[in-house]
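New to this one? Here is a friendly walk through the chain, from its overall build down to a few single residues.

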Amino acid sequence: MDGIKIEKMSDNTENTEVSLEKIFDEAEDFLPLNGTDYVEFYVGNAKQAAHYYKSAFGFQSHAFSGLETGNTENVSYVLSQDKIRLVLTTPLNADGPINKHLNEHGDGVKVIALWVDDATRSWEETTSRGAKSFMEPTTTKDKDGEVVQSGIHTYGETVHIFVERKNYNGIFLPGFVKWESNYNPPPLGLKFIDHMVGNVGWGEMNKWVDFYAKVMGFAQLISFDDKDISTEYTALMSKVMTNGNGRIKFPINEPAKGKKKSQIEEYIDFYKGSGVQHVALATDNIIETVTSLTERGVDFLYVPSNYYDTVMDRVGEIDEDLEPLQKLGILIDRDDEGYLLQIFTKPVEDRPTVFYEIIQRKGAKSFGKGNFKALFEAIEREQGNRGTL
Ligand code: FE2
């Protein structure tokens, strides 16, 4: 993690920078995380959502649980692309907790699952520091071995499940079978989850920053206040939390006062509370990936062409030609360590809630601060079309 700069945990935004390595060497990492295990969405119709993620995003059919496997409660489709695993779950009956979640929030992220070596210890370390338990350590088994899972609540109705799979060789989790499909569009070069952003309510950002710091041992990487992230009309604040090895990064946003309703407030109105705003997926070739996503029908935020009039003055030399970036609407930003290319989809469900970011990092470890203004003006145009600005 050499080179990552983080600010000391504090509420002021002085740029006291120390290396991430130093911060995490000072104390034992009590919650070692190997990476994101999977992200589970509760959706209204998992069969059709799975088709969308295959046809539009290039996800591969991976595993399945449902009536055919003896699961009479719900159906889950697991999709994969390189290291990314998405689970789409729909209830089979009325009036259960998943139905309630869907009724309240619409389609959205329920579980951010984290891959650990010891799910029991992860649960003990976090609950002893104040996390509310979602699931006590539970072992499930099948012919391929056993998995231990435990879980805690985070913002809104979102939960973290710790997955210990070192004694398991099956396709996904006990109860799942390989999903054999005749429809297998090729993958689009999406590699891993770069970061996942949570939107929380007015004045709640620091509460959840403290949760990730105290309960999960994360450190604060960056802080943006409403002066960093504002346009003429709307504003928000954001802090980025990271775990010890930097594999898990969770920016947390809260709305800030502006002349008009911010995108975070719009999200919270439609999601009926805090939840996951966007999932950033990394690629090694953003031009190829976004060209294919566009051809397959994924809608991206429109960036006005005058963004490209001045961007090269701001970011300097880059490896890519500007023309394809401009044609696709890909944004560029630079920090001390390099640059990054990023683009944002429109929401992928009918409520204006969850969307995706596609990101390619070329040295930069930041989150595109230089693009915030252009990006939020683009979102305001969409809000204007929805009548929610
Ligand atoms: Fe992002």
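What follows starts with the whole chain, moves to the metal site, and ends with some individual residues.

Keep in mind that this is a predicted model. The chain is made of 10 helices and 19 strands. Its C-alpha trace spans about 60 × 50 × 40 Å along the principal axes. For 389 residues, a compact globule would have a radius of gyration near 21 Å, and the chain comes in at 20 Å, so the two agree. Of those 389 residues, 55% count as buried.

The fold also brings together residues from far along the sequence: take the contacts between residues at least 6 apart, and 68% of them join residues at least 24 apart. On the outside, the chain exposes about 17100 Å², with carbon and sulfur atoms supplying 47% of that. As for charge, there are 42 positive and 61 negative ones, and their mean positions are 2 Å apart.

Now for the metal. Which residues hold the iron ion as protein donors? They are His 195 and His 278, each through NE2, and Glu 357 through OE, lying 2.0 to 2.2 Å from the ion. Along the sequence, these donors are spaced H-x82-H-x78-E. His 195 and Glu 357 link distant parts of the chain, with His 195 in strand 12 (residues 190-199) and Glu 357 in strand 19 (residues 355-362), 162 residues apart. Both His 195 and Glu 357 are buried.

Helix 5 (residues 205-215) is worth a stop too. Its buried residues include Met 205, Trp 208, Val 209 and Phe 211, along with Tyr 212, Ala 213 and Val 215. An α-helix has 3.6 residues a turn, so residues three or four places apart point the same way. What covers the buried part of helix 5? Among the elements doing so are helix 4 (119-128), strand 9 (145-153) and strand 10 (159-164). Strand 13 (219-224), strand 14 (235-242) and strand 15 (249-256) are also part of that cover. Just after helix 5, Gly 217 takes a positive phi of about 70°.

Glycine is not needed for a positive phi here: Asp 82 has one near 50°, and Asp 95 has one of about 70°. Asp 82 sits in the loop between strand 5 (74-81) and strand 6 (84-91), while Asp 95 belongs to the loop between strand 6 and helix 3 (97-105).

How buried or exposed are a few single residues? This little table lines up three of them.

| Residue | State | Relative accessible area |
|---|---|---|
| Asp 95 | exposed | 76% |
| Thr 231 | buried | 12% |
| Ala 50 | buried | 0% |

Thr 231 is found in the loop between strand 13 and strand 14. Since buried means under 20% relative accessible area, its 12% puts Thr 231 in that class. Leaving out residues up to four places away in sequence, Thr 231 touches Lys 373, Phe 376, Glu 377 and Glu 380. The C-alpha atoms of Thr 231 and Ala 374 are separated by 8.6 Å, though the two residues are 143 apart along the chain.

Ala 50 lies in helix 2 (residues 46-55). Beyond its neighbours within four places in sequence, Ala 50 is in contact with Tyr 77, Leu 79, Leu 88 and Trp 179. Ile 171 is 121 residues from Ala 50 along the chain, and their C-alpha atoms are separated by 17 Å.

Key:
Residues numbered from 1 in each chain as written. Predicted model: local features only at pLDDT ≥ 70, side-chain atom pairs only at ≥ 80, totals over all residues. Heavy atoms only, no water. Helix = DSSP H or I, 4+ residues; strand = E, 2+ residues; numbered from the N terminus. Rg over C-alpha atoms; globule rule 2.2 N^0.38 Å. Buried < 20%, exposed > 50% of the residue type's maximum accessible area, 1.4 Å probe, protein only. Contact = heavy atoms within 4.5 Å. Areas by Shrake-Rupley, 256 points an atom, 1.4 Å probe, with all protein chains shown as cover. Lys, Arg positive; Asp, Glu negative; His and termini not counted. Charge placed at Lys NZ, Arg CZ, Asp CG, Glu CD. Donors = N, O, S within 2.8 Å, 3.2 Å for Na, K, Ca; no water.
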